[in-house]
Amino acid sequence: MTNFTFINNQFLGSPDFDLGGDEAFNSNHIWTDPGSGEFENFKFINNIFTYCHGKCLAINAINGTEIYHNTFYGVNPTLANTQGQLYYIGSIQNSTVRNNIFYNDVDTSFNGSFYSVKVNDYQMSEIDMDFNLYYTTDPNAPMVKVIEYSGAYQTSEWETYKAETGWDTNSPTPQNPQFIASNNYHLQSGSPAKAAGIYIGSANEALHAFNPDGT
(Lines give C-alpha, C1' and ligand atoms only; values in the text may rest on other atoms or scores of the structure.)
Protein backbone atom coordinates (compact mmCIF):
# COMPACT_ATOMS: atom_id res chain seq x y z
CA MET A 1 0.00 0.00 0.00
CA THR A 2 1.35 3.43 -0.92
CA ASN A 3 0.35 7.08 -0.57
CA PHE A 4 -2.13 6.76 2.30
CA THR A 5 -3.21 9.76 4.42
CA PHE A 6 -4.82 9.85 7.88
CA ILE A 7 -6.12 13.42 8.30
CA ASN A 8 -8.50 15.25 10.67
CA ASN A 9 -9.45 12.28 12.85
CA GLN A 10 -10.05 11.85 16.56
CA PHE A 11 -8.82 8.62 18.14
CA LEU A 12 -10.35 8.59 21.60
CA GLY A 13 -9.47 6.45 24.58
CA SER A 14 -11.20 6.55 27.93
CA PRO A 15 -9.45 7.39 31.21
CA ASP A 16 -12.26 5.54 33.01
CA PHE A 17 -11.73 2.15 31.35
CA ASP A 18 -9.98 -0.27 33.73
CA LEU A 19 -7.23 -2.06 31.82
CA GLY A 20 -6.66 -4.27 34.85
CA GLY A 21 -10.13 -5.80 34.64
CA ASP A 22 -10.80 -9.44 33.78
CA GLU A 23 -11.94 -8.69 30.24
CA ALA A 24 -9.65 -5.75 29.53
CA PHE A 25 -6.88 -5.70 26.94
CA ASN A 26 -4.42 -3.19 25.48
CA SER A 27 -5.45 -1.57 22.23
CA ASN A 28 -3.68 0.87 19.93
CA HIS A 29 -5.20 3.84 18.16
CA ILE A 30 -3.17 3.18 14.99
CA TRP A 31 -0.87 0.21 14.44
CA THR A 32 0.70 -0.06 11.01
CA ASP A 33 1.90 -3.52 10.02
CA PRO A 34 2.37 -4.43 6.36
CA GLY A 35 2.89 -8.10 7.14
CA SER A 36 4.49 -9.67 4.07
CA GLY A 37 3.68 -6.60 1.93
CA GLU A 38 5.09 -3.07 1.83
CA PHE A 39 3.87 0.27 3.19
CA GLU A 40 5.21 3.45 1.63
CA ASN A 41 4.48 7.18 1.95
CA PHE A 42 2.00 7.40 4.83
CA LYS A 43 0.88 10.79 6.17
CA PHE A 44 -0.61 11.45 9.62
CA ILE A 45 -1.85 15.05 9.69
CA ASN A 46 -3.97 17.03 12.15
CA ASN A 47 -5.22 14.10 14.22
CA ILE A 48 -6.03 13.97 17.93
CA PHE A 49 -5.05 10.92 19.98
CA THR A 50 -6.29 10.81 23.58
CA TYR A 51 -5.83 8.55 26.61
CA CYS A 52 -3.90 5.74 24.92
CA HIS A 53 -4.83 2.21 26.04
CA GLY A 54 -1.55 1.09 24.47
CA LYS A 55 0.29 2.91 21.69
CA CYS A 56 -1.28 6.00 20.17
CA LEU A 57 0.54 5.80 16.84
CA ALA A 58 2.78 2.81 16.09
CA ILE A 59 5.01 3.20 13.02
CA ASN A 60 6.04 -0.26 11.92
CA ALA A 61 8.04 -1.05 8.76
CA ILE A 62 7.04 1.94 6.63
CA ASN A 63 9.20 3.67 4.05
CA GLY A 64 8.25 7.33 4.27
CA THR A 65 6.06 8.84 7.01
CA GLU A 66 5.06 12.46 7.52
CA ILE A 67 3.69 13.15 11.00
CA TYR A 68 2.45 16.75 11.18
CA HIS A 69 0.13 18.86 13.37
CA ASN A 70 -1.06 16.03 15.64
CA THR A 71 -2.01 16.29 19.29
CA PHE A 72 -1.19 13.37 21.59
CA TYR A 73 -2.93 13.76 24.93
CA GLY A 74 -2.71 11.56 27.99
CA VAL A 75 -2.58 7.89 28.84
CA ASN A 76 -5.12 5.56 30.37
CA PRO A 77 -4.21 5.71 34.09
CA THR A 78 -4.50 1.92 34.47
CA LEU A 79 -2.07 1.14 31.64
CA ALA A 80 0.70 -0.81 33.35
CA ASN A 81 3.10 -1.97 30.62
CA THR A 82 5.60 -0.34 28.28
CA GLN A 83 3.82 1.78 25.66
CA GLY A 84 3.97 5.28 24.16
CA GLN A 85 2.31 8.02 22.19
CA LEU A 86 4.53 7.84 19.08
CA TYR A 87 6.16 4.41 18.98
CA TYR A 88 8.56 3.18 16.31
CA ILE A 89 8.84 -0.55 15.61
CA GLY A 90 10.88 -2.58 13.15
CA SER A 91 12.66 -1.32 10.08
CA ILE A 92 11.52 2.19 9.17
CA GLN A 93 12.81 4.74 6.67
CA ASN A 94 12.42 8.47 6.05
CA SER A 95 10.16 9.59 8.88
CA THR A 96 9.60 13.32 9.45
CA VAL A 97 7.93 14.56 12.65
CA ARG A 98 6.90 18.25 12.81
CA ASN A 99 4.50 20.55 14.69
CA ASN A 100 3.11 17.95 17.10
CA ILE A 101 2.12 18.31 20.75
CA PHE A 102 2.94 15.46 23.14
CA TYR A 103 1.09 15.85 26.47
CA ASN A 104 2.10 12.97 28.72
CA ASP A 105 0.25 12.71 32.04
CA VAL A 106 1.50 9.26 33.09
CA ASP A 107 1.76 8.58 36.82
CA THR A 108 5.31 7.24 37.19
CA SER A 109 4.56 5.75 40.60
CA PHE A 110 2.32 3.31 38.70
CA ASN A 111 3.96 3.12 35.25
CA GLY A 112 7.45 4.46 34.62
CA SER A 113 7.62 3.10 31.07
CA PHE A 114 5.13 5.17 29.08
CA TYR A 115 6.89 7.52 26.67
CA SER A 116 5.98 10.50 24.55
CA VAL A 117 8.24 9.06 21.84
CA LYS A 118 9.97 5.67 21.73
CA VAL A 119 12.54 4.66 19.11
CA ASN A 120 15.32 2.12 18.69
CA ASP A 121 18.92 3.20 18.19
CA TYR A 122 19.11 1.69 14.69
CA GLN A 123 16.12 3.81 13.62
CA MET A 124 17.55 7.17 14.64
CA SER A 125 19.23 8.06 11.35
CA GLU A 126 15.89 7.59 9.57
CA ILE A 127 13.93 9.99 11.80
CA ASP A 128 13.91 13.79 11.45
CA MET A 129 12.18 15.27 14.50
CA ASP A 130 11.82 19.03 15.10
CA PHE A 131 9.38 21.85 15.94
CA ASN A 132 7.42 19.78 18.48
CA LEU A 133 6.17 20.68 21.94
CA TYR A 134 6.49 18.21 24.83
CA TYR A 135 4.99 18.30 28.31
CA THR A 136 4.92 15.80 31.17
CA THR A 137 2.78 16.50 34.21
CA ASP A 138 5.24 14.45 36.28
CA PRO A 139 8.74 15.96 35.87
CA ASN A 140 10.22 12.48 36.39
CA ALA A 141 8.25 10.97 33.51
CA PRO A 142 10.31 9.69 30.57
CA MET A 143 9.85 12.00 27.58
CA VAL A 144 11.79 10.27 24.80
CA LYS A 145 13.12 6.71 25.00
CA VAL A 146 15.94 5.53 22.75
CA ILE A 147 16.41 1.78 23.17
CA GLU A 148 20.07 0.68 23.48
CA TYR A 149 21.37 4.23 23.05
CA SER A 150 21.00 6.85 25.75
CA GLY A 151 18.13 5.59 27.82
CA ALA A 152 15.05 7.68 28.52
CA TYR A 153 15.23 11.47 28.61
CA GLN A 154 13.12 13.46 31.04
CA THR A 155 11.96 17.01 30.33
CA SER A 156 14.60 18.26 32.80
CA GLU A 157 17.23 16.77 30.45
CA TRP A 158 16.08 18.78 27.46
CA GLU A 159 19.46 20.20 26.47
CA THR A 160 21.16 16.82 26.86
CA TYR A 161 18.44 15.17 24.79
CA LYS A 162 18.91 17.65 21.93
CA ALA A 163 22.70 17.42 22.00
CA GLU A 164 22.84 13.62 22.05
CA THR A 165 20.09 12.92 19.50
CA GLY A 166 20.29 15.97 17.24
CA TRP A 167 16.49 16.20 17.35
CA ASP A 168 14.14 19.07 18.22
CA THR A 169 16.79 21.76 17.90
CA ASN A 170 14.11 24.33 17.00
CA SER A 171 11.43 23.04 19.36
CA PRO A 172 10.34 25.14 22.35
CA THR A 173 11.46 24.12 25.82
CA PRO A 174 9.00 21.54 27.25
CA GLN A 175 6.09 23.29 28.93
CA ASN A 176 2.34 23.12 29.31
CA PRO A 177 0.67 23.75 25.93
CA GLN A 178 -2.30 25.33 27.74
CA PHE A 179 -5.24 23.61 26.16
CA ILE A 180 -8.61 25.18 26.82
CA ALA A 181 -9.73 22.03 28.68
CA SER A 182 -8.92 18.32 28.98
CA ASN A 183 -11.49 17.64 26.27
CA ASN A 184 -10.90 20.78 24.20
CA TYR A 185 -7.52 20.80 22.50
CA HIS A 186 -7.63 24.30 21.11
CA LEU A 187 -5.03 26.56 22.68
CA GLN A 188 -5.38 29.41 25.12
CA SER A 189 -4.11 32.79 23.95
CA GLY A 190 -0.82 32.52 25.88
CA SER A 191 0.07 29.01 24.73
CA PRO A 192 3.76 28.44 23.92
CA ALA A 193 2.63 26.42 20.89
CA LYS A 194 1.16 29.44 19.14
CA ALA A 195 3.30 30.69 16.26
CA ALA A 196 6.02 28.19 17.21
CA GLY A 197 5.71 25.68 14.39
CA ILE A 198 7.11 25.65 10.88
CA TYR A 199 5.27 26.06 7.58
CA ILE A 200 4.77 22.71 5.81
CA GLY A 201 3.16 23.57 2.51
CA SER A 202 -0.20 21.94 1.83
CA ALA A 203 -0.21 20.29 5.27
CA ASN A 204 -1.01 23.73 6.70
CA GLU A 205 -4.47 23.48 5.20
CA ALA A 206 -5.33 21.20 8.11
CA LEU A 207 -3.99 23.02 11.15
CA HIS A 208 -5.17 21.98 14.56
CA ALA A 209 -3.05 23.31 17.37
CA PHE A 210 0.69 23.62 16.88
CA ASN A 211 1.29 25.90 13.93
CA PRO A 212 3.41 28.72 12.54
CA ASP A 213 0.83 31.50 12.23
CA GLY A 214 -0.56 31.58 15.78
CA THR A 215 -4.15 30.60 14.97
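Lys 162 and Glu 159 form a salt bridge in this predicted model, with their closest N and O atoms 3.6 Å apart. Both residues belong to helix α1 (residues 158-165), where a spacing of 3 residues separates them by about one helical turn. A search of the whole structure finds 2 salt bridges and 1 disulfide. The notes below go through these links, and then turn to the strands, a buried asparagine and two unusual phi values.

**Salt bridges**

- Side chains of opposite charge can pair when their charged atoms come close.
- In the helix α1 pair, Lys 162 is buried, because its relative accessible area is 16%.
- Its partner Glu 159 counts as exposed, at 53% relative accessibility.
- Arg 98 forms a salt bridge with Asp 128, and here the closest N and O atoms are 2.8 Å apart.
- Arg 98 sits in strand β10 (residues 93-98) and Asp 128 in strand β13, so this salt bridge ties together parts that lie 30 residues apart in sequence.
- Arg 98 has a relative accessibility of 14% and therefore counts as buried.
- Asp 128, at 36% relative accessibility, counts as partly exposed.

**The disulfide**

- A disulfide is a covalent bond between the sulfur atoms of two cysteines.
- Which cysteines form the disulfide here? They are Cys 52 and Cys 56, and their sulfur atoms are 1.5 Å apart in the model.
- Cys 52 and Cys 56 are both buried.

**The open sheet of five strands**

- An open sheet is built from 5 strands in the order β2-β5-β8-β11-β14, and the pairing is parallel.
- At the edges are β2 (10-12) and β14, each of which pairs on one side only.
- From one strand to the next, the twist averages 5°.
- Strands β2 and β5 run parallel and are joined by 3 bridges.
- One residue to look for in this pairing is Gln 10, whose bridge partner in β5 is Ile 48.

**Thr 50 in strand β5**

- Thr 50 is found in strand β5 (residues 48-52).
- Is Thr 50 buried or exposed? Thr 50 is buried, since its relative accessible area is 3%.
- Setting aside neighbours within four places in sequence, Thr 50 is in contact with Phe 11, Leu 12, Gly 13, His 29, Tyr 73 and Tyr 185.
- The C-alpha atoms of Thr 50 and Gly 74 are separated by 5.7 Å, although these residues are 24 residues apart along the chain.

**Strand β6 and its partners**

- In a regular strand the side chains alternate between the two faces of the sheet.
- Strand β6 (residues 57-60) is covered on both faces. Leu 57 and Ile 59 are buried on one side, as are Ala 58 and Asn 60 on the other.
- Strand β3 (residues 30-31) is joined to β6 by 2 bridges, and the two run parallel.
- Within that pairing, Ile 30 stands opposite Leu 57 in β6.
- β6 also pairs in the parallel sense with strand β9 (residues 83-89), over 4 bridges.
- There, Asn 60 has Ile 89 in β9 as its bridge partner.

**A buried asparagine in a loop**

- Where is Asn 132? Asn 132 lies in the loop between β13 (127-130) and β14 (133-136).
- Asn 132 has 0% relative accessibility and so counts as buried.
- A polar atom of the Asn 132 side chain lies 3.0 Å from the backbone nitrogen of Asn 100.

**Two asparagines with positive phi**

- Most residues other than glycine have a negative phi, and most peptide bonds are trans.
- Asn 8 has a positive phi of about 60°, although it is not a glycine.
- Asn 8 lies in the loop between β1 (2-7) and β2, and at 49% relative accessibility it counts as partly exposed.
- Asn 41 also has a positive phi, near 60°, in a residue other than glycine.
- Asn 41 is found in strand β4 (residues 39-45), and it is partly exposed, with a relative accessible area of 36%.

Definitions and conventions
Residues numbered from 1 in each chain as written. Predicted model: local features only at pLDDT ≥ 70, side-chain atom pairs only at ≥ 80, totals over all residues. Heavy atoms only, no water. Buried < 20%, exposed > 50% of the residue type's maximum accessible area, 1.4 Å probe, protein only. Polar contact = N/O pair within 3.5 Å; in protein donor to acceptor, adjacent residues only side chain to side chain. Salt bridge = Lys/Arg side-chain N within 4 Å of Asp/Glu carboxyl O. Disulfide = S-S within 2.5 Å. Contact = heavy atoms within 4.5 Å. Pairing = 2+ DSSP bridges. Axes fitted to C-alpha atoms, helices over the stretch in contact; angles between N-to-C directions.
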